[in-house]
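Colleague: I am still learning to read protein models, and I would like to go through this one slowly with you. Could you show it to me before I start asking?

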Amino acid sequence: MKTIEIRPVTKANASEVLALKVNESQRHYIETTEQCLEDAKNCVYYKPVGLYKEGVLVGFAMYGWFPEYDENHKKGKVWLDRYLIDERFQGQGLGSIFLKSLISKLINEFACTKIFLSIYDTNIHALSLYKRYGFTFNGELDFNGEKVMELIV
């Protein structure tokens, strides 16, 4: 198996992360890495990471635990909020390899029982990938009108 790593985005690799791009047909489904890193500057809950195969940056993800409050107690949700493989590395099975690794990372880092993400249901390739790993629609919409999926772990 290829050596893969999930590394935090730092000053040292930020310019490399900013150069990542998805295929033209996917660009309306996900924010640019520039927008993602700007969002991470403005929200302390986001954790942006680079996805590396054999030392080469091939993708990007951003995740986090986001607190929510109800009348009785504080609770929160773990979100895999952004996820992409650069267009140069698509079609090699990396989306599946890194999704599996990200799921394990989120479970270990947050000791969570559910992982959430949102998706446009017209994004058929991403939808197929998420369904293969057990994500299902939960009937909710996020603030952008994307459908929310969850994985019960």
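Colleague: Leaving aside neighbours within four places in sequence, which residues is Leu80 in contact with?
Modeller: Contact here means heavy atoms within 4.5 Å. Please keep in mind that this is a predicted model, in which local features need pLDDT of at least 70 and side-chain atom pairs count only at pLDDT 80 or more, while totals for chains, interfaces and linings use all residues. Residues are numbered from 1 along each chain as its sequence is written, and side-chain values use heavy atoms, with hydrogens and water left out. Neighbours within four places being set aside, the contacts of Leu80 are Ala61, Met62, Tyr63, Leu99, Leu102, Leu106, Ile115, Phe116 and Leu117.

Colleague: Which element gives the largest share of the largest nonpolar core?
Modeller: A nonpolar core is a set of buried Ala, Val, Leu, Ile, Met, Phe, Trp, Tyr and Cys residues joined through side-chain atoms within 4.5 Å, where buried means under 20% relative accessible area, exposed means over 50%, and partly exposed lies in between, with a 1.4 Å probe and protein chains only. The largest such core has 27 residues, and those with the most contacts inside it are Leu51, Leu80, Tyr83, Ile115, Tyr130 and Phe135. Two or more residues each come from β2, β3, β4, α3, β5, α4 (124-132) and β7, these helices (H or I, at least four residues) and strands (E, at least two) being DSSP runs numbered from the N terminus. The largest share, 6 residues, is given by α3.

Colleague: How many residues are in the other core?
Modeller: This other core lies apart from the largest one, and among its members are Ala40, Cys43, Phe116 and Val148. Cys43 is buried, because its relative accessible area is 19%. The number of residues in this core is 20.

Colleague: How many disulfides does a search of the whole structure find?
Modeller: A disulfide is a pair of cysteine sulfur atoms within 2.5 Å. Cys36 is in no disulfide, and its nearest cysteine sulfur, in Cys43, is 12 Å away, which is too far for a bond. The search of the whole structure therefore gives a count of 0.

Colleague: Is Asp86 buried or exposed?
Modeller: Asp86 is found in the loop between β4 (74-85) and α3, where its side chain reaches the backbone nitrogen of Lys21 at 2.7 Å, a polar contact being a pair of N or O atoms within 3.5 Å; within protein, one must be able to donate a hydrogen and the other to accept it, and residues adjacent in sequence count only if both atoms are side-chain atoms. Not counting residues up to four places away in sequence, Asp86 touches Ala19, Leu20, Lys21, Val58 and Gly59. Because its relative accessibility is 2%, Asp86 counts as buried.

Colleague: Which residue in β7 does Phe137 stand opposite?
Modeller: Two strands pair if DSSP finds at least two bridges between them, and strand β6 (residues 136-141) pairs with β7 in the antiparallel sense over 3 bridges. These two strands form a hairpin with 5 residues between them, and Gly145 in the turn has a positive phi of about 85°. Within β7, the residue opposite Phe137 is Met149.

Colleague: Is Ala111 buried or exposed?
Modeller: Ala111 lies in the loop between α3 (94-110) and β5 (114-119), and has a positive phi of about 50° although it is not a glycine. Because its relative accessibility is 67%, Ala111 counts as exposed.
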